[in-house]
Amino acid sequence: MSSKPTLTLAKMEQLPVLPLTYSPANSDASAKKLVYSLLPEWNPANGGRGINIVKFTDGITNTLLKCIHNPPEGTSPAQAKKLADEESVLLRAYGRDTSILIDRERECASHLLLSRHNLAPPLLARFKNGLLYRFVAGRVCTVPELSQAPIWRAVAGRMGEWHGTLPTSTTPPPSPASSSSASSSEPDITLWNVLQKWISALPEATSTERERKDLLQNELENLCLGESEGGYGIMGQDGGMGFIVGHCDLLSGNVIILPETSGVVAAGSTKKVHFIDYEYSTPCERAFDIANHFAEWGGFECDFNLLPTRSTRREFIGAYLESFHQHRNCFRSTTHEAEVDSLMAEVDLFRGVPGFYWGIWALIQATISQIHFDYAGYAEIRLGEYWDWKAEMEGTRVGEMGVRERRWAME
């Protein structure tokens with residue numbers, strides 16, 4: 001008999017909630033208590049085979065553990081690996097104070113939505129400070145691999161599947177320009193409400209902090225206001241598609257390269273990928289999700305020389321649109337060049353927004369995180385992307401074009 005849990009994942013309220021907490025100070029013991037609470041038949045005390053725990057990462061905002069169900073005695077190494085991939089459970093424990101940045105209710109709802117559309121592994125249970133869900137077999141993509149054609153074509157196809165499959169919203173969010181109290185409890189939460197929430201959470205104990213907070217608030221309002229109102233007209237640049245459900249954090253570590261099979265694979269799609277970690281997933285303009293992924297080609301080192309040039313971006317967007325239409329049931333045999341041109345223009349317009357988004361995120365992390373990472377320095381680099389974009393938009397650049405903007409303009 002299979003030892004896999006069989007859970008119905010139709011609604012949030014049907015998801016088991018374990019009244020337990022993961023403790024990093026007592027990692028293995030607390031992880032086992034959680035897993036055995038969900039799967040008592042795995043517990044050696046009940047005659048089960050027990051689990052082996054592998055720490056994948058102490059992530060920037062999470063701890064991730066792979067809880068591997070021990071194989072039966074005499075199992076061959078190959079079969080043991082197969083069973084481990086099929087039966088393992090992942091335990092994600094939230095980082096300290098990350099509720100300031102991440103709406104965990106929305107993350108859970110996003111994961112359930114994705115799993116119902118076969119875009120995420122089954123979510124098995126919640127606990128006080130995290131989630132338990134199924135393992136996805138494969139390996140984590142590296143930063144250099146993001147720029148390899150077989151990988152980025154697979155990413156483009158998967159992103160098109162996400163955006164084309166998931167329900168979308170055409171309801172515009174309340175503009176920060178008209179409401180500075182937007183929060184994640186609003187029913188129509190989008191990228192722009194998230195940004196407003198983050199800016200509202202920025203420290204303001206000193207005059208320097210207050211000045212920066214006011215400056216970023218003003219920039220957010222400029223992004224949301226239309227050009228006729230004196231803004232940049234970024235919000236709502238969605239090609240008439242409305243808001244898609246974006247991943248919003250497609251860095252290399254959240255792209256899993258799936259094992260190759262012996263089956264027939266379509267030309268140009270020799271690799272397949274899966275996206276993991278949905279804590280930042282939210283409705284947004286599709287151009288943001290794409291531009292944000294392009295920014296991640298440079299990795300945490302922000303090596304702008306690794307970003308895709310114009311010709312590569314165009315090929316990526318063509319592959320994305322082909323997948324998008326297939327999964328939106330448009331049944332188009334080809335993607336029109338005018339549509340590629342239009343989305344290219346949208347992504348170009350959004351190229352500075354990821355730096356604004358992650359720069360504000362890093363400013364908050366600098367005040368709350370226990371991770372040894374130079375968040376303050378990272379914030380300056382990412383916000384610098386936004387200021388460089390703004391200078392090009394307004395024609396106010398002084399001196400030579402920055403490395404990132406120069407790379408972006410390359411054919």
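Is D277 buried or exposed? With a relative accessibility of 16%, D277 counts as buried. The legends below describe close-up views of a predicted model, and D277 returns in one of them.

**Figure 1. Overview of the protein chain, with its twelve helices and eleven strands.** The chain of this predicted model has 411 residues, and buried residues make up 53% of them. Among contacts with a separation of 6 or more, 69% are between residues 24 or more positions apart.

**Figure 2. Strand β5 with its partners β1 and β6.** Strand β5 covers residues 123-127, and five of the five are buried, so the strand is largely enclosed by the rest of the structure. Strand β1, residues 17-18, pairs with β5 in the parallel sense over two bridges. In this pairing V17 has R126 of β5 as its bridge partner. Strand β6, residues 130-134, runs antiparallel to β5 and is joined to it by four bridges. One of the bridge partnerships between these strands links L123 to Y133 in β6. The connection from β5 to β6 is a hairpin through two residues. Strands of a sheet pair through backbone hydrogen bonds, either parallel or antiparallel.

**Figure 3. The loop that leads from α3 to β5, centred on N118.** Residue N118 lies in the loop between α3 (104-116) and β5. Its phi is positive, about 60 degrees, although N118 is not a glycine. Most residues other than glycine have a negative phi. N118 counts as exposed, at 64% relative accessibility.

**Figure 4. The open sheet of three strands, in the order β7-β9-β10.** The pairing in this sheet is antiparallel. Its edge strands are β7 (139-140) and β10 (273-275), each of which pairs on one side only. Between β9, residues 255-257, and β10 there are three bridges in the antiparallel sense. V255 has F275 in β10 as its bridge partner. Helix α4 packs on the sheet and touches β9 and β10, with its direction at about 50 degrees to that of β10.

**Figure 5. The loop after β10, centred on D277.** D277 is found in the loop between β10 and β11 (282-284). This residue, which is not a glycine, has a positive phi near 65 degrees. Its relative accessibility is 16%, under the 20% limit, so D277 counts as buried.

**Figure 6. Packing of helix α4 on helix α7.** Helix α4 spans residues 149-165 and helix α7 spans residues 286-295; their axes are 12 Å apart and the packing angle is about 155 degrees. At this angle α4 is roughly antiparallel to α7. The crossing of α4 past α7 is right-handed. On the α4 side the contact involves V155, M159 and H163, which meet R286, D289, I290 and H293 in α7. Sorted by class, the residues of this contact are three nonpolar, two polar and two charged.

**Figure 7. Packing of helix α5 on helix α6.** Helix α5 (residues 191-201) and helix α6 (residues 207-224) have axes that come within 10 Å and cross at roughly 170 degrees. The two helices are therefore roughly antiparallel to each other. Their crossing is left-handed. From α5, W192, L195, Q196, I199 and S200 take part in the contact; from α6, the residues they meet are K213, L216, Q217, L220, L223 and C224. By class, seven residues of this contact are nonpolar, three are polar and one is charged.

**Figure 8. Surroundings of R404 in helix α12.** Helix α12 comprises residues 403-409 and contains R404. R404 is buried, with a relative accessible area of 2%. Apart from neighbours within four places in sequence, R404 is in contact with A295, F304, L307, R351 and E385.

**Figure 9. The loop between α7 and α8, centred on E301.** E301 belongs to the loop between α7 and α8 (310-327). It is exposed, with a relative accessible area of 71%. The C-alpha atoms of E301 and V143 are 10.0 Å apart in space, while the two residues are 158 residues apart in sequence.

Key. Residues are numbered from 1 along each chain as its sequence is written. This is a predicted model: local features need pLDDT of at least 70, side-chain atom pairs count only at pLDDT 80 or more; totals for chains, interfaces and linings use all residues. Side-chain values use heavy atoms; hydrogens and water are left out. Buried means under 20% relative accessible area, exposed over 50%, partly exposed in between (1.4 Å probe, protein chains only). Two strands pair if DSSP finds at least two bridges between them. Axes are lines fitted to C-alpha atoms, for helices over the stretch in contact, and angles run from 0 to 180 degrees between N-to-C directions. Angles under 35 degrees count as roughly parallel, over 145 as roughly antiparallel, 65 to 115 as roughly perpendicular and the rest as oblique. A crossing is left-handed if the near helix is turned anticlockwise from the far one by less than a right angle, and right-handed if clockwise. Contact means heavy atoms within 4.5 Å. Ala, Val, Leu, Ile, Met, Phe, Trp, Tyr, Cys and Pro count as nonpolar, Asp, Glu, Lys and Arg as charged, and the others, Gly among them, as polar.
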